[in-house]
Every structure is written in C-alpha cells, then in structure tokens.
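Open the model in a viewer with the sequence panel alongside. The stops below each give a selection to make and then what is found there.

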Amino acid sequence: MKTLEKTNPTNQSQLLESLVEDFWKNDDLVNQSVKVEPTVNIVDKNGVYKIKVSAPGFKKKDFHVAVEDGSLIISAETSAEKKEEKENYVRKEFSASSFVRSFRLPENITLGHIKANYKNGLLNITISKTNLDKKEVKEIKIR
C-alpha cells in the first residue's frame, strides 16, 4: 500500500488513481474469507450440562438446534442488506454469517430434558442427565 505525501495537484490525482488500482488488483483482499466460530463454554454441574454459545448479531429465528445420531448440532445463519440511494450514486451493502457446531452427547441424558433459549447474544442450552437413545432425532425449540 502506498502512503500519501504532500504533492502537487497533478501528482495527487495520479496517486489516487494508483491507490484505487492497487486496491482492486490485490486478490488477497477481495478473495479473503474469514471463518468465525462462536466461542462455547460447557459446564457439567449438579446433574445438568450447560452449554453457552456466544453468538451476537443473530436472532432467535436464525438458530437451528437438534439432536441427531447422538450429537447435538447447533447451527445459525443470518444475512442483512442495506441500500442507500442518492441523487448521483447508489450504495448497496450486504453481509452474511453462518456457523455449525456439533457436540457428541454422552449416553446419560434424555432428549426430553433439553432446553434452549437465546438472549442478548448468548444461546444457553441445558441438558439434564439420565439416558439417551442414539437413534432418536429431536428438534429443540429455542425460547
């Protein structure tokens, strides 16, 4: 990247043009993708597993939590679009985020005792210990 220095007016326009060209030529910036996985804390206390997933920027409806083949699967997907129109330009931006996390469940839990809620960017899942039938599939509603 080039630094701006004090120059005469004709050199300033050439420098600006060069900076713009450098920006669009840099494939690393354009093609770079960043994978973000939310942080997760798991606590085993008093006969209950508590899973806390830090996922700000999502809404409750963006999440899908399920148990399948003995694994707890947590996924979320969201997107947003912003459009601004002025007399001499149109600016349109969009963003999308998604993740999938899965955790192998121990055999000492019951599917009917799994609860989830989402508030202030934190997904809380509680799982009571007892017994798990690994072939069962269950959707968990988020409150």
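A salt bridge here is a side-chain nitrogen of Lys or Arg within 4 Å of a carboxyl oxygen of Asp or Glu. Keep that cut-off at hand for the charged pairs further on.

**Before selecting anything**

This is a predicted model, in which local features need pLDDT of at least 70 and side-chain atom pairs count only at pLDDT 80 or more, while totals for chains, interfaces and linings use all residues. Residues are numbered from 1 along each chain as its sequence is written, and side-chain values use heavy atoms, with hydrogens and water left out.

**Stop 1: the whole protein**

Show the cartoon. The protein contains two helices and eight strands; helices (H or I, at least four residues) and strands (E, at least two) are DSSP runs, numbered from the N terminus. Read from the N terminus, the order of elements is α-α-β-β-β-β-β-β-β-β.

Switch to a surface. About 11,000 Å² is exposed, and carbon and sulfur atoms supply 49% of it; the areas come from the Shrake-Rupley method with a 1.4 Å probe, and for residues only the protein chains shown count as cover. Of the 143 residues, 26% are buried. Buried means under 20% relative accessible area, exposed means over 50%, and partly exposed lies in between (1.4 Å probe, protein chains only).

Contact means heavy atoms within 4.5 Å. Among contacts with a separation of 6 or more, 54% are between residues 24 or more positions apart.

**Stop 2: the four-stranded sheet**

Select β1, β2, β7 and β6. These strands form an open sheet in the order β1-β2-β7-β6, with antiparallel pairing; two strands pair if DSSP finds at least two bridges between them. β1 (39-45) and β6 (109-119) are the edge strands, and each has a single partner strand, so one side of each lacks a neighbour in the sheet. From one strand to the next, the twist averages 15 degrees. For such angles, axes are lines fitted to C-alpha atoms, for helices over the stretch in contact, and angles run from 0 to 180 degrees between N-to-C directions.

Now narrow the selection to residues 48-54 and 122-129. These are strands β2 and β7, which run antiparallel and are joined by seven bridges. Which residue in β7 is the bridge partner of Tyr-49? The partner is Ile-127.

**Stop 3: the β4-β5 hairpin**

Select residues 71-85 and 90-104. Strand β4 (the former range) and strand β5 (the latter) pair in the antiparallel sense over 15 bridges. Together β4 and β5 form a hairpin with four residues between them. To check the register, label Ser-71, which stands opposite Arg-104 in β5.

Next, pick Ser-75 in β4. Ser-75 counts as buried because its relative accessibility is 18%. Leaving out residues up to four places away in sequence, Ser-75 touches Asp-62, Phe-63, His-64, Phe-99 and Val-100.

**Stop 4: the charged pairs**

Show Lys, Arg, Asp and Glu side chains as sticks. The structure holds seven salt bridges.

Start with Glu-81 and Lys-92, whose salt bridge has its closest N and O atoms 3.6 Å apart. This pair links distant parts of the chain, with Glu-81 in strand β4 and Lys-92 in strand β5, 11 residues apart. Glu-81 is exposed at 57% relative accessibility, and Lys-92 is exposed at 51%.

Move to Glu-85 and Lys-83. Their side chains meet in a salt bridge at 3.5 Å, N to O. Glu-85 is exposed at 54%, and Lys-83 is exposed at 52%.

Then select Glu-84, Arg-91 and Glu-93, which are linked in a network of salt bridges.

Finish with Lys-61 and Asp-62, whose side chains form a salt bridge at 4.0 Å, N to O. Are these two buried or exposed? Lys-61 counts as exposed at 69% relative accessibility, whereas Asp-62 counts as buried at 12%.

**Stop 5: Val-65**

Centre the view on Val-65, in strand β3 (residues 63-68). With a relative accessibility of 1%, Val-65 counts as buried. Expand the selection to its contacts: not counting residues up to four places away in sequence, Val-65 touches Leu-72, Ile-73, Ile-74, Leu-123, Ile-125, Glu-139, Ile-140 and Ile-142. Finally, draw a distance from the C-alpha atom of Val-65 to that of Ala-116; the two residues are 51 apart along the chain, and the atoms are separated by 8.3 Å.
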